[in-house]
Amino acid sequence: MSKKVLITRIIPAIANELLTQAGFEVSVWEGTGAMTRAELIERARQADALISLGANKIDTHFFSACGHLDIIAQFAVGYDNIDVDEATKRGIPIGNTPDVLSDATADVAFGLMIVVSRKMFYLHNTIAKGEWKQFEPLKNLGIELYGKTLGIFGMGRIGSVMAQRCKGAYNMKIIYNNRNRNEAAEKRLGAQWVSFDELLQQSDVLSVHSVLSAETRGLFDKNAYAKMKRSAIFINTSRGGVHNEQDLIEALQTQTIWGAGLDVTNPEPMQSTNPLLSMPNVAVLPHIGSATVEARNGMARLAAENIIEFYKSGNVPYCVNPEVLKRSKHE
Ligand code: DGY
């Protein structure tokens, strides 16, 4: 009997096509928004495997109802919506989709850095409001990036691409903080590992590319901003939970730091009344890091391949808890 895969949101068709060609029975949640908790559990009960999205809360409550699942393939590189420890306890592999979205996400971080350094979104809006009167010799001044220091928090795949972009375009000095040393980035980009405090103190642009975890939640708070340069730009394209948004607002209002570019907010979606949206040195985007045709197709393909390969060989090409594969209940 063919295995049943539930896809919890409409994603690029390639996922459905690959799974169907491989003999799976695929059902897709076709609602306009994310499934509610109850809908997710009800539909997942009838499936063997799941392609999940960040909006699906896959926690102990979910697992107690759907612990029968063979595999969960997340349509994202981030998986902070999933209780991986619980999945591991139950022998359920969790797949994700790295690499294919690194260029797209690094482009958003790089773009935000430029947009903030020259107040571009804010100035665009002043024109739309009819406020552009004349050339201003002493107004609308931004800051230049050439030769400045880029601090990367989380030198993984996306952080490395951002560092490469900044090195190539602006010959920026690269420093980074990461749990493990990234020797490839050190060799290729001359990147230098520094402590977290040194990262805060030395960065002209500090770009966050870490996962959201117990260690990183709320890490960029008022204490962190207070250690940064007054001229610093803070960029976050990873998860909004890594920064404390109220503290960030205060740090910008009190000119503790110079500017901020966010592709992720805390919470999401950001309310339209958020003071960040009317600050000159701030740019905010609605979590579009991976939103290119190429990246999203790649993510859909990898999510499907994680499932297909699992049933074929017991291997999951991109698995965040590979330790379960050795003792999979389906070996
Ligand atoms: C990811 O892949 O983690 C992106 O943030 C999309 O959710």
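## Phe-220 and the aromatic cluster

In this predicted model, Phe-220 has a relative accessibility of 0% and therefore counts as buried, the cut-off for that class being under 20%. The ring of Phe-220 forms an aromatic pair with the ring of Phe-196. Their centres are 5.4 Å apart and their planes meet at 70°, an arrangement classed as edge-to-face. Phe-196 belongs to helix H9 (residues 196-202), whereas Phe-220 sits in the loop between strand S9 (205-208) and helix H10 (222-227), so the pair ties together parts that are 24 residues apart in sequence.

This pair also belongs to a wider group: ring pairs link Phe-153, Phe-196, Phe-220, Tyr-225 and Phe-234 into a cluster. The count of aromatic pairs in the model comes to nine.

## The sheet of seven strands

One open sheet contains seven strands in the order S8-S7-S6-S9-S10-S11-S12, and its pairing is parallel. Strand S8 (192-193) and strand S12 are at the edges; each has a single partner strand, so one side of each is left without a neighbour in the sheet. In general, the strands of a sheet pair through backbone hydrogen bonds, and the pairing may be parallel or antiparallel.

Strand S11 offers a detailed view of this sheet. Strand S10 (residues 233-236) pairs with S11 in the parallel sense over four bridges, and Ile-233 stands opposite Gly-259 in S11. Strand S11 also runs parallel to S12, to which three bridges join it; here Gly-261 has Ala-283 of S12 as its bridge partner. As a general rule, side chains in a regular strand alternate between the two faces of the sheet. In strand S11 (residues 259-262), Gly-259 and Gly-261 point one way, while Ala-260 and Leu-262 point the other way, and all are buried.

## The sheet of five strands

A further open sheet has five strands, ordered S2-S1-S3-S4-S5, with parallel pairing. Its edge strands are S2 (25-28) and S5 (94-95), each of which pairs on one side only.

Within this sheet, strand S3 (residues 49-52) and strand S4 (residues 71-74) pair in the parallel sense over four bridges. The bridge partner of Ser-52 in S4 is Gln-74.

## The surroundings of the ligand

The ligand is surrounded by Ala-76, Val-77, Gly-78, Leu-101, Arg-239, His-287 and Ser-290. By type, the residues of this shell divide into three nonpolar, three polar and one charged.

Three of the contacts with the ligand can be described at the level of atoms. A backbone N or O atom of Gly-78 lies 2.9 Å from an oxygen atom of the ligand. For Arg-239, a polar side-chain atom lies 2.7 Å from an oxygen atom of the ligand. His-287 likewise places a polar side-chain atom 2.7 Å from an oxygen atom of the ligand. On its own the ligand has 230 Å² of accessible area, and the protein covers 83% of this.

## Features of the backbone

Two cis peptide bonds precede prolines in the loop between S11 and strand S12 (282-284). The bond from Asn-266 to Pro-267 is cis, with omega near 10°. The bond from Glu-268 to Pro-269 is also cis, with omega near -5°.

Positive phi angles occur at Asn-140 and at Gln-255, although neither residue is a glycine. Asn-140 has a phi of about 60° and lies in the loop between helix H6 (120-128) and strand S6 (149-153). With a relative accessibility of 45%, Asn-140 counts as partly exposed. Gln-255 has a phi of about 55° and is found in the loop between helix H11 (245-253) and S11. Gln-255 has a relative accessible area of 57% and is therefore exposed, since that class begins over 50%.

## Glu-245 in helix H11

Glu-245 is located in helix H11. Is this residue buried or exposed? Its relative accessible area is 5%, so Glu-245 is buried. The C-alpha atoms of Glu-245 and Arg-230 are separated by 18 Å, and these residues are 15 residues apart along the chain.

Technical notes. Residues are numbered from 1 along each chain as its sequence is written. This is a predicted model: local features need pLDDT of at least 70, side-chain atom pairs count only at pLDDT 80 or more; totals for chains, interfaces and linings use all residues. Side-chain values use heavy atoms; hydrogens and water are left out. Rings of Phe, Tyr and Trp (its six-membered ring) pair if their centres lie within 6.5 Å; planes under 30 degrees apart count as stacked, over 60 as edge-to-face and the rest as tilted. Buried means under 20% relative accessible area, exposed over 50%, partly exposed in between (1.4 Å probe, protein chains only). A residue is near a molecule or strand if one of its heavy atoms lies within 4 Å of it. A polar contact is a pair of N or O atoms within 3.5 Å; within protein, one must be able to donate a hydrogen and the other to accept it, and residues adjacent in sequence count only if both atoms are side-chain atoms. Accessible areas come from the Shrake-Rupley method with a 1.4 Å probe; for residues, only the protein chains shown count as cover. Ala, Val, Leu, Ile, Met, Phe, Trp, Tyr, Cys and Pro count as nonpolar, Asp, Glu, Lys and Arg as charged, and the others, Gly among them, as polar. Two strands pair if DSSP finds at least two bridges between them.
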